[in-house]
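Let's take a friendly walk through a protein model. Have the sequence and the 3D view open, and look up each residue as we get to it.

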Amino acid sequence: MSSEALLASETGAAPLVAPASGARQFWRRLRAQRAVTVAAVVFALLVLVALAAPLLTALEGQDPNAFHPTLIDSAAGGVPKGAFGGVSGDHWLGVEPQTGRDLFARLVYGARVSLGVAFIATLVQVFIGVSLGLLAALGGRWADQVISRFTDVVVALPLLVIGLGLIAVVPDSVPRPVLITCVIAVVGWSGTSKIVRSSALSLKSLDYVSAARLSGWGRLAVARRELLPALAAPVITYGVLLVPANVSIEAALSFLGVGIKPPTPSWGQMLTEANTWYQSAPTYLLLPAGFLFVTVLSLTVVGEGVRTALDPRAASRLKVGVTSRKDARARKNAATSPKEASK
């Protein structure tokens, strides 16, 4: 038994409880938000579906690129036979118009492409942004001026237009998922760099950072030991919010016809092909659009929850002004008490 517990048992006082660590407090605040828990579970299921795509398609017994012309009604313009786009025991979500490819198989394999591009692009964006932001903050006046002006130029560049131009001139031999990941990462790091630079400049003037520099630490050691731990909260928050934005950008590029090329499935590419079938085969459009919407929504809610958990002083936008009766009664009593005291 510890000395604090022994003293508490002898005196009858409550035992001292050690304060929770920063990581424990973060997870406690994060779990306290029910919307974030639900969104995290939904997104985890989407990631699990993407990782288990070969197993799920083998369980269904379908291939994402296999054609089934017998399931298509050519007399009706190529729409699937049967109700709800040809849903059956062999095709759980139906088939595509004209081709007869299995929709479930293409959706789960499309999740691998869309989520993989978004995650890898986010990691590269964060790495480039953190590196250049720290270099601008610690590299001296000239380095700060050059990197800041270059970052301003990158911020002003329209990402979709640059992506369209680069993807249009690159030969088809380059894998499209790799190319789209590089385009999103190279053009989209500027926001992270600005956040890291401004935060690092504020931290650089604090006493413990100045003491580390005066003790003989180099710039790399100061950045790794003192600045990076303090920058973890804003960088993680911004990085989580970058993932849904990158999912939308990949879908937009594929929707415009310069993204993922057939037969490789992706949600944006499926939306492009389904654009002309929204009346005759609505499930072909609604399924990838629904998956994309749920992914972006769940990631946005998780990002908001991470921001709130890392900064508990900030008011969460997940709480839409719901006031309990106890708080309302307390406010009412506080408002009426001065009037009663004056009487």
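## Ground rules

One idea comes up again and again here: a residue is buried when its relative accessible area is under 20%, exposed when it is over 50%, and partly exposed in between, using a 1.4 Å probe and protein chains only. V41 is a handy example: its relative accessibility is 46%, so V41 counts as partly exposed.

Keep in mind that this is a predicted model, where local features need pLDDT of at least 70, side-chain atom pairs count only at pLDDT 80 or more, and totals for chains, interfaces and linings use all residues. Residues are numbered from 1 along each chain as its sequence is written, and side-chain values use heavy atoms, with hydrogens and water left out.

## The big picture

The chain has 14 helices and two strands. These are DSSP runs numbered from the N terminus, with helices being H or I over at least four residues and strands being E over at least two. Of its 343 residues, 38% count as buried.

Now for contacts, meaning heavy atoms within 4.5 Å. Take the contacts in the chain with a separation of 6 or more: 69% of them are between residues 24 or more positions apart. As for the outside, the chain exposes about 19400 Å², and carbon and sulfur atoms supply 66% of that. Accessible areas like this come from the Shrake-Rupley method with a 1.4 Å probe, and for residues only the protein chains shown count as cover.

## Two patches on the surface

Patches are built from residues with over 30% relative accessible area and no salt bridge; like charges are joined within 9 Å, and nonpolar side chains (Val, Leu, Ile, Met, Phe, Trp, Tyr) within 5 Å. A salt bridge, in turn, is a side-chain nitrogen of Lys or Arg within 4 Å of a carboxyl oxygen of Asp or Glu.

Which residues gather in a patch of positive charge? They are R24, R28, R29 and R31. Lys and Arg count as positive and Asp and Glu as negative, while His and the chain ends are not counted. The place of a charge is taken as NZ of Lys, CZ of Arg, CG of Asp or CD of Glu. R24 lies in helix 2 (residues 22–32) and is exposed, at 59% relative accessibility. The other patch is nonpolar: V41, L45 and L48 have about 290 Å² of accessible area together. V41 itself belongs to helix 3 (residues 34–51).

## Some buried residues

T57 lies in helix 4 (residues 53–60) and is buried, with a relative accessible area of just 4%. Leaving aside neighbours within four places in sequence, T57 is in contact with Q62, A105, V108 and Y109.

S190 is found in helix 9 (residues 190–204), and S190 is buried too, at 8%. Not counting neighbours within four places in sequence, S190 is in contact with T151, V154 and V155. S190 and Q125 are 65 residues apart in sequence, yet their C-alpha atoms are 8.2 Å apart in space. Then there's D144, in helix 6 (residues 141–156), which is buried at 12% relative accessibility. D144 touches A136 and R197, again not counting residues up to four places away in sequence.

## Charges that pair up

Side chains of opposite charge can pair when their charged atoms come close. How many salt bridges are there? The count comes to seven.

Four residues, E96, R101, R106 and E273, are linked in a network of salt bridges. Within it, E96 and R101 meet at 2.9 Å, N to O, and both are buried. R101 also pairs with E273, at 3.7 Å. E273 sits in helix 12 (residues 267–274) and R101 in the loop between strand 2 (79–80) and helix 5 (103–138), so this pair ties together parts that are 172 residues apart in sequence. E273 is partly exposed at 24%, whereas R101 is buried at 6%.

Elsewhere, R307 forms a salt bridge with E304, the closest N and O atoms being 2.5 Å apart. Both lie in helix 13 (residues 282–310), three residues apart, about one turn of the helix.

## Two unusual backbone angles

Most residues other than glycine have a negative phi. F84 has a positive phi of about 55 degrees although it is not a glycine, and Q98, also not a glycine, has a positive phi of about 70 degrees. F84 is in the loop between strand 2 and helix 5, and that loop is the place of Q98 as well. F84 is exposed at 66%, and Q98 is exposed at 56%.
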